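Here is a walk through one chain, from a single exposed spot to the way its helices meet. Have the model open while you read.

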Amino acid sequence: MSVSAVPADRVRPALPVVAAVVVTVTAWASAFVAIRAVHAHFAAGPLALGRLLTGAVALTIALLATRTWVKPTAREWGLVAGCGVVWFGLYNVALNAAEQRLDAGTSAMLVNVGPILIALLAGAFLGEGFPRSLLLGAGVAFGGVLLIGFAGGGATAADPVGVALCLLSAAAWAVGVTLQKPALRRLPALQVTQMACVIGMITTLPFAGGLAHDLRSATAGSIAGVVYLGLVPTALAFGTWAYALSRMNAGRLGVTTYLVPPLTILLAWPILSETPQALALVGGAIALGGVALSRRR
């Protein structure tokens, strides 16, 4: 009697991988709220530098403590450098700028069309294919994004620059994951995360003067918020993401993040007294439905 092999992307992930996904999703949801909470005291670029500097220090200490370093090849250096510049650098600056204009929940719903882009790029460059459900889900998610774009305060549409910056963040996230995945085939997850974070921090060094200025005028609570962003959503959550990504395919892992927007909305309601407009919620539900449809087997 023959036994059919179970496809690799159908195998249930082990408990440590599930725990890593839960930590990542929860921490990233809190990041949208924390960015919004400190936006009055930190501009987009300086906030990105402060967050990445904190994360880089924490990750470097963790890497030194483990005493594990695998010498990267030239190709791996290129992949990690691209991930650091695009995902850690560009993503953070664009998202911070977006949340100067949009509430945390709306930003999270827009950015989390990223799994669609991750799946499309993984199909094109990582050999994960283009199932019909992926293309259909992409169309549905795009319709949801359009609804979010039309939503706003009263009769006013959502800030178009904020919407565009969120979509830029989603694209940067997708490109970063596509670059990161091949590097994780041989390099340890902690090392890849630390390298990418340091490179991202270096790309944001032009904002050092702005960070020094903002730190002088910021409240203690806002400074604590920046430290939190560096330690938890960056050092911890990017590390747990890389760990999970090294053990799951990119498209399947990406879809787990559709839990981020509802968690963000739940956190932003009591902490920031923010709730997205009704039309934005409808659009977000449609967009997330499209994301879920795209991964339907």
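## Two loops with positive phi

Arginine 67 is exposed, at a relative accessible area of 78%; exposed here means over 50%, buried means under 20%, and partly exposed covers what lies in between, using a 1.4 Å probe and protein chains only. You'll find arginine 67 in the loop between α2 (44-66) and α3 (74-98). Its phi is positive, about 55 degrees, although arginine 67 is not a glycine. For background, most residues other than glycine have a negative phi.

Serine 273 makes a good companion to look at. Its phi is near 55 degrees, again a positive value in a residue other than glycine. Serine 273 sits in the loop between α12 (260-272) and α13 (278-294), and with a relative accessible area of 64% it counts as exposed.

## What you are looking at

A word on ground rules: this is a predicted model, so local features need pLDDT of at least 70 and side-chain atom pairs count only at pLDDT 80 or more, while totals for chains, interfaces and linings use all residues. Residues are numbered from 1 along each chain as its sequence is written, and side-chain values use heavy atoms, with hydrogens and water left out.

## The chain as a whole

How many helices and strands does the chain have? The tally is 13 helices and zero strands, where helices (H or I, at least four residues) and strands (E, at least two) are DSSP runs numbered from the N terminus. Read from the N terminus, then, the element string is α-α-α-α-α-α-α-α-α-α-α-α-α.

Of the 297 residues in the chain, 51% are buried. The chain exposes about 12,900 Å², and carbon and sulfur atoms supply 70% of that; these areas come from the Shrake-Rupley method with a 1.4 Å probe, and for residues only the protein chains shown count as cover. Take the contacts (heavy atoms within 4.5 Å) between residues at least 6 apart in sequence: 90% of them join residues at least 24 apart.

## Where α5 meets α7

Two packed helices are described by the angle between their axes and the distance between the axes. Helix α5 (residues 114-125) packs against helix α7 (residues 160-183) at an angle of about 35 degrees, with the axes 8 Å apart. The axes are lines fitted to C-alpha atoms, for helices over the stretch in contact, and the angles run from 0 to 180 degrees between N-to-C directions. The crossing of α5 and α7 is right-handed, meaning that the near helix is turned clockwise from the far one by less than a right angle (anticlockwise would be left-handed).

On the α5 side, the residues involved are Gly114, Pro115, Leu117, Ile118, Leu121 and Phe125. They meet Ala170, Ala171, Trp173, Ala174, Val175, Val177 and Thr178 in α7. By class, this contact has 11 nonpolar, two polar and no charged residues; Ala, Val, Leu, Ile, Met, Phe, Trp, Tyr, Cys and Pro count as nonpolar, Asp, Glu, Lys and Arg as charged, and the others, Gly among them, as polar.

## Buried spots worth a click

Leucine 110 belongs to helix α4 (residues 104-111) and is buried, at 0% relative accessibility. Setting aside neighbours within four places in sequence, leucine 110 contacts Leu102, Val145, Ile148, Val163, Cys166, Leu167 and Ala170. One of those partners, cysteine 166, is itself buried at 0%. Leucine 110 and leucine 165 are 55 residues apart in sequence, yet 9.4 Å apart in space, C-alpha to C-alpha.

Is threonine 204 buried or exposed? Its relative accessible area is 2%, so threonine 204 is buried, even though it is found in the loop between α8 (189-203) and α9 (208-217). Its contacts, leaving aside neighbours within four places in sequence, are Ala48, Leu49, Leu52, Gly89 and Val93. Threonine 24, in helix α1 (residues 15-38), is buried at 3% and touches Ala237, Thr240 and Trp241, not counting residues up to four places away in sequence.

## Cysteines

Like cysteine 166 at 0%, cysteine 197 is buried, with a relative accessible area of 0%. A disulfide is a covalent bond between the sulfur atoms of two cysteines. Taking a disulfide as a pair of cysteine sulfur atoms within 2.5 Å, the count comes to zero.
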